[in-house]
There are 2 protein chains.
Amino acid sequence: MTAENETERSGFSRRAALGGAVAGAAGIAAGGVAGASGSVGVAARKRKTDVVVVGAGLAGLSAARAIEKAGRTVVVLEARDRVGGRTLNEKIGKGEVVEIGGQWVGPGQTHVLDLIDQLGLETFDTYVDGKSIYYRDGTLTEYEGIIPPVSGPVLIEILNVLGDMNAKAAAVPVEAPWTAPQAVEWDSVTLAGYLDDFGLSPEARDVIDLAITSVFAVEPRDTSLLFLALYTAMAGADFNNLINTTDGAQEKRIVGGSQRISLELAKRLGGAVKLSRPVKSIGTSGGRVAVRAGDDTWSAKRVIVTVPPALIGGIRFNPPLPASKAQLDQRFPMGTVIKCMAVYDSPFWRDDGLNGMTTSDTGPVKLTYDNSPPDGDPGVLLGFIEGQDARELLEASEAERKAAVVECFVRYFGSKAESAMTGYVEKSWAADPWSRGCYGGVMPPGAIVGYPGAVRRPAGHIHWAGTETATEWGGYMDGAIQSGQRAAAEVLAKL
Amino acid sequence: MTAENETERSGFSRRAALGGAVAGAAGIAAGGVAGASGSVGVAARKRKTDVVVVGAGLAGLSAARAIEKAGRTVVVLEARDRVGGRTLNEKIGKGEVVEIGGQWVGPGQTHVLDLIDQLGLETFDTYVDGKSIYYRDGTLTEYEGIIPPVSGPVLIEILNVLGDMNAKAAAVPVEAPWTAPQAVEWDSVTLAGYLDDFGLSPEARDVIDLAITSVFAVEPRDTSLLFLALYTAMAGADFNNLINTTDGAQEKRIVGGSQRISLELAKRLGGAVKLSRPVKSIGTSGGRVAVRAGDDTWSAKRVIVTVPPALIGGIRFNPPLPASKAQLDQRFPMGTVIKCMAVYDSPFWRDDGLNGMTTSDTGPVKLTYDNSPPDGDPGVLLGFIEGQDARELLEASEAERKAAVVECFVRYFGSKAESAMTGYVEKSWAADPWSRGCYGGVMPPGAIVGYPGAVRRPAGHIHWAGTETATEWGGYMDGAIQSGQRAAAEVLAKL
């Protein structure tokens, strides 16, 4: 069931982009903020629906689907000219795609795995056959299995820290982390400060720092022990679940690319999904909510906002948001990652017995994966630039970044990584005005205990979703879906 | 000299507010983002000026005045229906006002002191005659001078910490704090973590925590040692300058209230100051910048944006802001303070030999001042609710907050603080959608070293001001003025 008074029904509607990422803003047209008196200009159209969802990523589309299934009308307003949010397929020729956004799923991620099943999509295993590379102090070591070839004492140090982190995660209630017995203490220390107290060897510290940066796309100094514990708690209270490939969050990939989940959801939602409609304002008046986007004002009973907290300030609310929500949103900055891939006719590293996975102390690419399609045709090497390494390349040109990435790939996989390269794709998510960072929001010290409950507490008829509001696998595709379904349930209970 | 093609010249122009804090947003009218092609609707007006300044607080007005004095045209677009930003006078009867925003000036604050002189305004000393109150563990002690009546050992602990903080401040270059020799180390630890390492007695720790919260309106866990060192460096590298009344940043007040500085500046700028014009978008195209506000689009050679970093995301930029600037702005949240004042026929505490100043371990009001007008008629007690105490009262009603404040005033000054009260005024700055917190932005760990230079680096023809961008007395009125003058100089050098 799509919205009443709907005029566009041809698939999900598209408006021509007007050039530039904020092109949608050019669609501002006559009319007042919803709820305010005043003239509505010639171009304005007013439409009614039960629920408006802001954002057509996994959270928004999952919410919309649940609402539609319950027999209610829904409209999804998306700023971009595409669905998928932080998931995005990119064509690399031969009919294949790679994901330049989120891509992996793993055990325990029941929301996304169930959805994949329901949509008739298929998964395949991340390529792990063969040896991995460990690079440190200029020395490259190949190894088998999942444990890097560090010395026994270093391994014990690492396991000791991971064990402590997991124990802390087990003490954090995912719905209310601020109630953990040591919440204030753990939210008063940065992860760097926490790790300092272990007095680790440089190698153990480097490995753990890299693991943290690979999960959060920030440096250990940027977030708190409590946020780490919460994040780990949401992933089954085992940090290994976050960093592992097999048996972990990087275990499986989706045939055709992860954006297909959103594309399939949008297909089922049909005309309810409106692209190129950046929401400008949300006004509540007389028991209804008016959402202004492009030329249109939508009138709804409830609204679900799925954009990351760091971007909510881009929408004008009338009445203004509660102070606690507005201040929390100032304290949930996005991580920094540039996802870079080189394309080859074939995954030549496999011929050398390598699986394409690297853990390195030398940047800017310190982690690599074999990201080829299921049949290995073409071959794709994936390199992540994360945290401070990414920040230092934010203003570099793509050519400069490409050169830096290729230099890393050559360091790990030999000269063929440069000579045989047939293509290069990358995405710097911090430069994308509708995400302004990836993988997700990462809270600095003090934010969790500072504003208990503010992250999910509805503001009148406005509800919150998005992976930053998840209580399971927050920061992941699974968390986005979980948050959307939770927000839909909240709204349906009120309709 | 005001802008070319100006149509409104009657003083500084006012538009009727349409109700609600985002009322200005109701002025969205036909037209495209500047620089984008597309229709300009019937209501749109296009105007040209050399420089547009966004924000009519002290930074914006100071910038505009410098630009106008240099013979260039300027327009100041202000979202609110008043000037002054985070300074705001409130009438309390008898022809008197109190400030519910920033109010004090002190030695070393040459920018604001010079401006006060130039505008013909006068200052007077904050009332300090008599004894102060120190309240701890349920015991009230009166004392003379500026040193609270703590034991000798506790005083030594406190002085030791202050000395260490000052030494660190002396090592931080205010223009480039990320280059301090230990910048990464100091930006990796929260202030709470830093203080933990001193192993302080509970009393020493409480006094220092309160001092920090009184300066930043956040908890010690919320910011980094490097930010503290930078902030102190900007104030003469002596933390006492920040916390002292006499000889410090709370030394003097402005006759008629601090907002008079902005009101006087605006009077001199005349029609160049446009109120109730929240800026929606800033687009750069063909070497000019188009600023969209309300019904109008202003075309300028350069733009100075003075809104706090945490609120810059509320403006749509085309092209989008550089990634480093956008991500830094996610990492500069505003402090939390509720400024509360009770009014009495006279300052009765003076009759008891008290100066109205309190330092307490018991909230929500832990700091008080005598905030009466120069002649002490009427009497005004000022109480600050800051940091976590303020966060916990953000969603309380004014009546609830008033009751809590009065309870504190009675605790310190006796039952007369309740029985003789004739008025009550307060301002919760986090609830104000155009400030979303006070006193200023406070960076969490990692932010300073994460984005070197991003805070002030112009984005094309767009320049940045506001006290968060200051290099002297950042966070203070003085810093706002310094930042505005600096941004004006940047722009004038390019015109």
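The questions and answers below concern salt bridges, exposure and backbone geometry in this predicted model.

Q: Why is the contact between B:Asp377 and B:Lys94 called a salt bridge?
A: The side chains of these two residues meet at 2.6 Å, N to O, and because the cut-off for a lysine nitrogen and an aspartate carboxyl oxygen is within 4 Å, the pair qualifies as a salt bridge. B:Asp377 lies in the loop between strand 16 and strand 17 (379-386) of chain B, and B:Lys94 in the loop between strand 3 (89-93) and strand 4 (96-99) of that chain, so the pair ties together parts that are 283 residues apart in sequence.

Q: What makes B:Lys94 exposed, and what makes B:Asp377 partly exposed?
A: B:Lys94 has a relative accessibility of 53%, and because exposed means over 50%, B:Lys94 counts as exposed. B:Asp377, with a relative accessible area of 32%, falls between the limits of 20% and 50% and is therefore partly exposed.

Q: How do you know that B:Arg136 and B:Asp137 form a salt bridge?
A: Their closest N and O atoms are 3.9 Å apart, and since the criterion is within 4 Å, the pair is counted as a salt bridge.

Q: Why is B:Arg136 called buried or exposed, and why is B:Asp137 called buried or exposed?
A: B:Arg136 has 14% relative accessibility, and because buried means under 20%, B:Arg136 counts as buried. B:Asp137, at 62%, is over the 50% limit and is therefore exposed.

Q: What makes the pair B:Asp222 and B:Arg391 a salt bridge, and which parts of chain B does this pair tie together?
A: The N to O distance is 2.9 Å, which lies within 4 Å, so the contact meets the definition of a salt bridge. B:Asp222 is in the loop between helix 6 (202-216) and helix 7 (225-233), whereas B:Arg391 is in helix 13 (residues 388-391), so the pair ties together parts that are 169 residues apart in sequence. Both B:Asp222 and B:Arg391 are buried.

Q: What makes the backbone of A:Lys94 notable, and why is A:Lys94 called exposed?
A: A:Lys94 has a positive phi of about 55° although it is not a glycine, and the residue lies in the loop between strand 3 (89-93) and strand 4 (96-99) of chain A. Its relative accessibility is 51%, and because this value is over 50%, A:Lys94 counts as exposed.

Definitions and conventions:
Residues numbered from 1 in each chain as written. Chains lettered and ligands numbered in written order. Predicted model: local features only at pLDDT ≥ 70, side-chain atom pairs only at ≥ 80, totals over all residues. Heavy atoms only, no water. Helix = DSSP H or I, 4+ residues; strand = E, 2+ residues; numbered from the N terminus. Buried < 20%, exposed > 50% of the residue type's maximum accessible area, 1.4 Å probe, protein only.
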